[in-house]
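Trainee: I am new to this structure and would like to go through it slowly, one question at a time. Could you show it to me before we begin?

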Amino acid sequence: MRRERVPIVALVPAAIGAAFFIVPLIGLIVRSPWADAVAALTAPETLEALKLSLIASLSATAVALVLGVPMAWIYARVAFPGRDLLRALTTLPMVLPPVVGGIALLLAFGRRGLMGAWLATTFGITFPFTTAGVVMAETFVAMPFLILTVEAGLRSMDRRYEEAARALGANRWTVFTRVTLPLIGPSLFAGAVLCWARALGEFGATITFAGNFPGVTQTMPLAVYLLLETNHNASFILSLVLLLISLVVLVGLRDRWLGSA
Amino acid sequence: MSLDASISLTLGPLDLDMAITVDEGEVVALLGPNGAGKTTLLRAVAGLVPFRSGHVRLDGKVLEDTVTRAYVPTERRPIGFVFQDYLLFPHLSILENVAFGLRSRGTSRQAAVEKAIHWLDRVGLKSYASSKPAGLSGGQRQRVALARALAPNPRLLLLDEPLAALDVTTRAEVRRDLKRHLDSFEGIRLVVTHDPLEAVALADRLIVMENGHLVQTGTAQEVTEHPRSQYVADLVGVNLLRGEADHGSVKLAGGQVVAAAGAELGEVFAVVHPRAVAIHRTHPEGSPRNVWSGRATNIELLGNRVRVRIDGEVSLVAEVTPAALKELNLVEGGKVWLSFKSTDVAVYPA
């Protein structure tokens, strides 16, 4: 089969663009001190950071599912005044610099924040500089991805299946769990994975709101950044681990993501 | 024991105002052209479309009433609904689809599965129990949809264009099956269709609606013998005229007077069968009392007959044999005379 020749005006910028992404990745792989890899990976600080990262990012995803799916459902199904404004506000963290998000969280839930002071005096609960604070910061930044993906799924599904279920005697909860959720399954899955990946890589809001205490709030990205000052090699190895995780997620998601975009 | 629905609503371009009753033991078809509001009426009966005023009562029990503001939600109405494209849940197996209504209404898993298998057996699809809907043909899906609607044993069975999604080759066979299942179902049955053949084949009584309003109701024979709208006349294939009767004649809206033997007094419909209309190249001399001139605007071959539409003072369709057409040397746009006897005009009150 004759293949169409790629025009030079497309080929050159495209090649430069591709190199821009690939060269740093190669750098990471080539310059990583493979000899130290095992030591760096099994160092207690690394394992601690990895464990904390997984726990916090999965918790953030769980919180995002519990709160975000109902939000998406209401955005997609209920017309109310101010819906567009509310949606814009609740998805703002997607475009907000994460550090600003962290500061906003401090002003709201910090020890002297709007809610934080009351929470601390009434219930003795404080969030900043705790693992719970890490989960909050990650949820704040990552949940909008889930909300938007699930809302898009709800809007594009054929709602007549819900009517068919109602005509068969299903109450609203049964309709939602047995028909709506399965039908938007791909969107739900994509939203959850995007949310988790974003939470896993979260840096700015976490370090601002939760700080950088090993074993408590020091997640992988924080550890990578900190190690850059003290231990280059370990930093490189941890970077590579994060890279691999991201790559697996991206390849696994590619079809769904491109399909829904 | 019956369904009694009176519904007024406005939905986009549709202005619907209908009152229907369906008695136990009869199959009623809602027949009408696309956009007449048949599906909307069916959905309103099911509680899926809100209406401005009216009521839905089943076996004397109020399901919805805009005066008392009573509303029984769809999921608590004893209905079975077969949707136009069936809407089988794509993520569930055939068995799970059929068991869905039973499970939703509180039947235990074990009993629901047993009953669903029984229903799949009745529609001849037991061996497909674990398949997904995507693996079935259109006709098979239709049978699953029917089994799914009937399994919870509803009082009222609503079917929206049950055969429209099928291709012509399977439609006749599926229609026969559907007729059999409709006959064996003991509740109240209401079928929406735009296909007169389907309506006549499935139903005991037709309710014809156009533009959201009732046109006429009756058995297939009553409807075809006394069409009350152009739509029905076109379906039956007869010429429908309307005018004021005056002892042996009918004066049309345009002033033309048609001789009609049976005409008495008052507003009437007059039906002339195309076979009773003769075509001539010159002004005919003879006994027919009705002679009009016009132009042949449309010549259509239908099997061994030719239907010729003639537009003129009185526009009619005439049906002749291909041989007669050849003899007349008739072409579209040609000037002709048409005639019919006053005894060939059937007259009945409008």
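Trainee: How many residues of chain B are in contact with chain A?

Mentor: This is a predicted model, in which local features need pLDDT of at least 70 and side-chain atom pairs count only at pLDDT 80 or more, while totals for chains, interfaces and linings use all residues. Residues are numbered from 1 along each chain as its sequence is written, and chains are lettered from A and ligands numbered from 1 in the order in which they are written. Two residues are in contact if their C-beta atoms, placed from the backbone, lie within 7 Å. On that basis, 14 residues of chain A are met on the side of chain B by a set of residues that numbers 16.

Trainee: Which element gives the largest share of the side of chain B that touches chain A?

Mentor: Elements are DSSP runs numbered from the N terminus, helices being H or I with at least four residues and strands being E with at least two. Those of chain B that give two or more residues to this side are β7 (79-82) and α2 (94-104). The largest share, three residues, comes from α2(B).

Trainee: By class, how many nonpolar residues does that side of chain B have?

Mentor: Ala, Val, Leu, Ile, Met, Phe, Trp, Tyr, Cys and Pro count as nonpolar, Asp, Glu, Lys and Arg as charged, and the others, Gly among them, as polar. Besides three charged and four polar residues, the side of chain B that touches chain A has nonpolar residues numbering nine.

Trainee: How far apart do the C-alpha centres of domain 1 and domain 2 of chain B lie?

Mentor: With bounds that come from an automatic or database domain assignment, chain B is divided into domain 1 (2-231) and domain 2 (237-349). Four residues of domain 1 of chain B are in contact with five residues of domain 2 of chain B. The distance between the C-alpha centres of these two domains of chain B is 40 Å.

Trainee: Is Leu87(B) buried or exposed?

Mentor: Leu87(B) is found in the loop between β7 and α2 of chain B, and it has a positive phi of about 50 degrees although it is not a glycine. A residue is buried if 20 or more other C-beta atoms, placed from the backbone, lie within 10 Å of its own, exposed if 12 or fewer, and partly exposed in between. Because Leu87(B) has 22 C-beta neighbours inside 10 Å, it counts as buried.

Trainee: Why does Asp160(B) count as buried, and how many C-beta neighbours does it have?

Mentor: Asp160(B) has its place in strand β8 of chain B. Leaving aside residues up to four places away in sequence, Asp160(B) touches Thr39(B), Leu42(B), Val82(B), Phe83(B), Gln84(B) and Val192(B). Asp160(B) counts as buried because its C-beta neighbours inside 10 Å number 21.

Trainee: What is the phi of Glu161(B) near?

Mentor: Glu161(B) lies in the loop between β8 (156-160) and α5 (168-184) of chain B, and with 20 C-beta neighbours inside 10 Å it counts as buried. Its phi is positive in a residue other than glycine, with a value near 45 degrees.

Trainee: Which helix gives the most to the largest nonpolar core?

Mentor: A nonpolar core is a set of buried Ala, Val, Leu, Ile, Met, Phe, Trp, Tyr and Cys residues joined through C-beta atoms within 7 Å. The largest has 131 residues, and those with the most contacts inside it are Cys195(A), Val98(B) and Leu158(B). The helix that gives the most to this core, with 14 residues, is α7 (residues 131-156) of chain A.

Trainee: Which strands stand at the edges of the open sheet of chain B?

Mentor: Two strands pair if DSSP finds at least two bridges between them. Five strands of chain B form this open sheet, antiparallel in pairing, in the order β16-β20-β17-β18-β19. Each edge strand has a single partner, so one side of each is left without a neighbour in the sheet, and these strands of chain B are β16 (278-280) and β19 (316-320).

Trainee: Which residue is the bridge partner of Val208(B) in β11(B)?

Mentor: Strands β10 (residues 205-210) and β11 (residues 213-218) of chain B pair in the antiparallel sense over five bridges. They form a hairpin with two residues between them, and Asn211(B) in the turn has a positive phi of about 50 degrees. Within β11(B), the bridge partner of Val208(B) is Gln216(B).
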